[in-house]
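Got the viewer open and a selection box ready? Here is a short walk through one model, stop by stop.

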Amino acid sequence: MGLRSCWKSRHKSGRRAACCRRFGPGLAALLCLFVTQFGCGVGASVLSKNVVQKDAEFDVTYNDTVTSDNQTIYAFNHTVSRNKSDGVRVTVDVLSQGVDSPVLFAVRQKQAVLSFQVPLILRGLYQRKYPYKHVANTLCQPPTRAASETQYFFVDVSTLSSQGTNYQLRVSRVESFTLQTDKKFSFTASPSQPQYFKYDFPDGVDTVVVKVNSDMNFPCSVMSIQDIQCPVYDLDNNVAFIGMYQTMTKKGAITVQRKDFPSNSFYVVVVVKTEDEACGGPLRFYPLRPDELIDAGNRTKLLDVLVSPAINSGVYVKGMLFCLGIFLSFYLLTLLVACIENKRMNRKRELFEIPPDMSPAETEQTLDSVGRSRQESLSSIEEDDYDTLDDIDSDKNIVRTKKFLCVADLARKDKRILSKKYQIYFWNIATIAVFYALPVIQLVITYQTVVNVTGNQDICFYNFLCAHPLGALSAFNNILSNLGYVMLGLLFLLIVLKRDIVHNRAMERNDPNSLECGIPKHFGLFYAMGTALMMEGLLSACYHVCPNYTNFQFDTSFMYMIAGLCMLKLYQKRHPDINASAYTAYACLAMVIFFSVLGVVFGKGNLVFWIVFSVIHILATLLLSTQLYYMGRWRLDSGVLRRIVYIIYTDCIRQCSWPMYIDRMVLLVMGNIVNWSLAAYGLIERPNDFASYLLAIGICNLLLYFAFYIIMKLRSGEKIKCLPLVCVLFTAVVWGFALYFFFQGLSTWEKTPAESREHNRDCILLSFFDDHDIWHFLSSIAMFGSFLVLLTMDDDLDSVQRDKIFVF
């Protein structure tokens, strides 16, 4: 009452009006606004601005004019209930054209003040300015402790323009201000007309998923989750100040937990951005002139919001038990197969018992003679000494250039030395794993901390429609699904260890089959493969803590390792003496990872980078082909070009000769065709995802070599036993399903976060796992099966003399 009487006395006082006129219209408007805010004080006696206060009503449009000489105050009151939240929305239109000064609107509430100008000037990139004459804002609702309370608020309208400015003012109630669970609500928003709504957690619900959808890609928008407090940050330039937020085109989803909001409620804020560049849209070109206003056009967007309960703790338990159950079943199956195999081996030993007419002494003497002959045939010199002797070097040239090689020709070095050489693969990869994983874990923890502190969910590229948080982790399901790599990698190590122990015991008892027959058994590379599979699971889990383009290499580094180690193992099977050392192999893999990082950072659309990489790719393919074809018996020196020209002249021009090693030539020609095609594809298309492109090169070469090995094995009259055959068929089927789920592409860091969210889809398994989680399950099983194939594929040769096993 005192405030209204104050304003009435002010209208009747001509002396005060005269005093205001002495200060001029501009300053008078500011002084009168000051008195409006702070009541009738000493300053009121010196103001002369004509101030009019009106009792206003909701849902009534007020058409009025404002100048620098007058100010209008609209007084509203409404009843607020403690158990009910009704939003109040203020809508303003300025109807006059060519306004020199903006119209100032100040909304004074019990515990908050909202002020804005019309035309509202919003800034974009490069200081572009976009004016909006239609502005609407929802008022922040101060809390009330009483069951019912009448609250007053005032809308002050003023300007410093001496010309009359026509405007429209309308204050209305937002009937659907409080969102209902599982009930979709549609609304419109624009840069100058943001929207926000309130949601109260119902009893028994601790986590909800807020989904905002639109049929329109653009204009770009931002959805935000904020605590119930004033002011609400609902403009493009301040929406990121508080809470959680993410940009969106068609889809947006944020999982909200009750524990993060002490009031058991929150605001869902939707803001339309002034420009579309943040969502991957075009940035229209305008001449950049100082203070030039740009017409933004129609940027109104139709959206709908849906809040639904998230999964409960029971679903988390089911998901974890399902994951453990799948991979523990492989342990049980392996144990069952091992028991059956042991029974079969015991029966086999019974069939080949010592004949009754041979005494134990004679038997022992026979075994000792075999063992001594084998030990005498083994070289006692070191590998380096072996390689540097001139007579042995000439022997290498004679043996390795034979038209038909047998494994015995390439298994001449001391097995003890070779075993130590190949064990280095395991120790090296274990060392690499430790030094690689520690900073990776530290970095992703930092990433997750930044996401949780800033609330910027554009940092990580999740499938937000199926991202289940656990503690500080935003997408626990994507991390849990990597458990298969670790568990199956460990299981493979146990299988290899068992085979290693059995083989060593056979060697200790001088078993002729172990000494003279079958593919030489070196387990170092198998141990390295199992370790790489476990590390792939760990690093993939780290990547999925916060997946984005800067840490994508964490997810692929050990995939390169696995592909390289599998190719080395395939080659080692028939070429144990001349396989690459661990230092050379890991140095080459390090170069691959180095190029992967360069490609991610600099390869996007960079023609120079792709030309350089394609040239290196083709040259490396040619050098490796030469190394494989000549079994390492060639030199890369100043005379290499002269020798190439001589070979072309003698074998192609002077006379048309068939290659000496047909099988090898077929493989290498096919490999060169594949690699040259991949290089051409990369140079023409220049894919943004360079890391996946590089991984595709490795996988294509591995599959080509593996298919060649199988074909040559069958062509040489060898057989594939039942267990490896089942593994081959099972693995091929699993790989097919795995690749199907991999190519679903639920998110992609090649695009903007908003565009990535367009690919998000709901969970498809147990309401907990999405398509990418199933890819993790299936690919870990497929890799484990592929390793078993490599381990057991040549079991049929265990009783075949090595001089009867062909090299290919």
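Start by selecting Asp156 and Arg108: both residues are buried. This is a predicted model, by the way. Turn on the side chains and you'll see that the two form a salt bridge, with the closest N and O atoms 2.8 Å apart. Asp156 sits in strand β10 and Arg108 in strand β5, so the pair ties together parts that are 48 residues apart in sequence.

**Stop two: the sheet around that pair**

Now widen the selection to β5, residues 103–108. How many of its six residues are buried? Five are, so to speak tucked away: the strand is mostly covered. On one side, look for β6 (residues 113–118), which runs antiparallel to β5 and is joined to it by six bridges. The link between β5 and β6 is a hairpin of four residues. Click on Arg108 again and look across to β6, where Val113 stands opposite.

Next, add β10, residues 148–159. β10 and β5 also pair in the antiparallel sense, over six bridges. To line them up, pick Phe105, whose bridge partner in β10 is Val157. While you have side chains on display, recall that in a regular strand they alternate between the two faces of the sheet.

Zoom out until you can follow the whole order, β1-β3-β10-β5-β6: five strands in an open sheet with mixed pairing. Which strands stand at the edges? They are β1 (50–55) and β6, and each has a single partner strand, so one side of each is left without a neighbour in the sheet. Look along the sheet to catch the turn from strand to strand: neighbours are rotated by 20 degrees against each other on average, ignoring direction.

**Stop three: two helices**

Hide the sheet and select helix α12 (residues 524–545) together with helix α21 (residues 771–792). Their axes lie 11 Å apart and the packing angle is about 170 degrees. α12 and α21 are therefore roughly antiparallel to each other. To see the contact from the α12 side, show Phe526, Met529, Gly530, Leu533, Ser540 and His544. From α21, add His772, His776, Met783, Phe787, Leu790 and Leu791. Colour that set by class and you get seven nonpolar residues, five polar ones and no charged ones.

**Stop four: more salt bridges**

The structure holds 18 salt bridges, so there's plenty to click on.

Try Lys521 and Asp798, whose side chains meet at 3.0 Å, N to O. Lys521 is in the loop between α11 (512–516) and α12, while Asp798 is in the segment after α21, so this salt bridge ties together parts 277 residues apart in sequence. Are these two buried or partly exposed? Lys521 has 25% relative accessibility and so counts as partly exposed. Asp798, at 26%, counts as partly exposed too.

Then jump to Arg757 and Asp458, another salt bridge, at 2.4 Å from N to O. Arg757 belongs to helix α20 (residues 753–757) and Asp458 to the loop between α8 (415–454) and α9 (476–480), so the pair ties together parts that are 299 residues apart in sequence. Both Arg757 and Asp458 are buried.

For the last stop, select Lys573, Arg574, Lys713, Glu718, Asp794 and Asp796 in one go. Salt bridges link these residues in a network.

Note on methods: Residues numbered from 1 in each chain as written. Predicted model: local features only at pLDDT ≥ 70, side-chain atom pairs only at ≥ 80, totals over all residues. Heavy atoms only, no water. Axes fitted to C-alpha atoms, helices over the stretch in contact; angles between N-to-C directions. Parallel < 35°, antiparallel > 145°, perpendicular 65-115°, else oblique. Contact = heavy atoms within 4.5 Å. Nonpolar A, V, L, I, M, F, W, Y, C, P; charged D, E, K, R; others polar. Buried < 20%, exposed > 50% of the residue type's maximum accessible area, 1.4 Å probe, protein only. Pairing = 2+ DSSP bridges. Salt bridge = Lys/Arg side-chain N within 4 Å of Asp/Glu carboxyl O.
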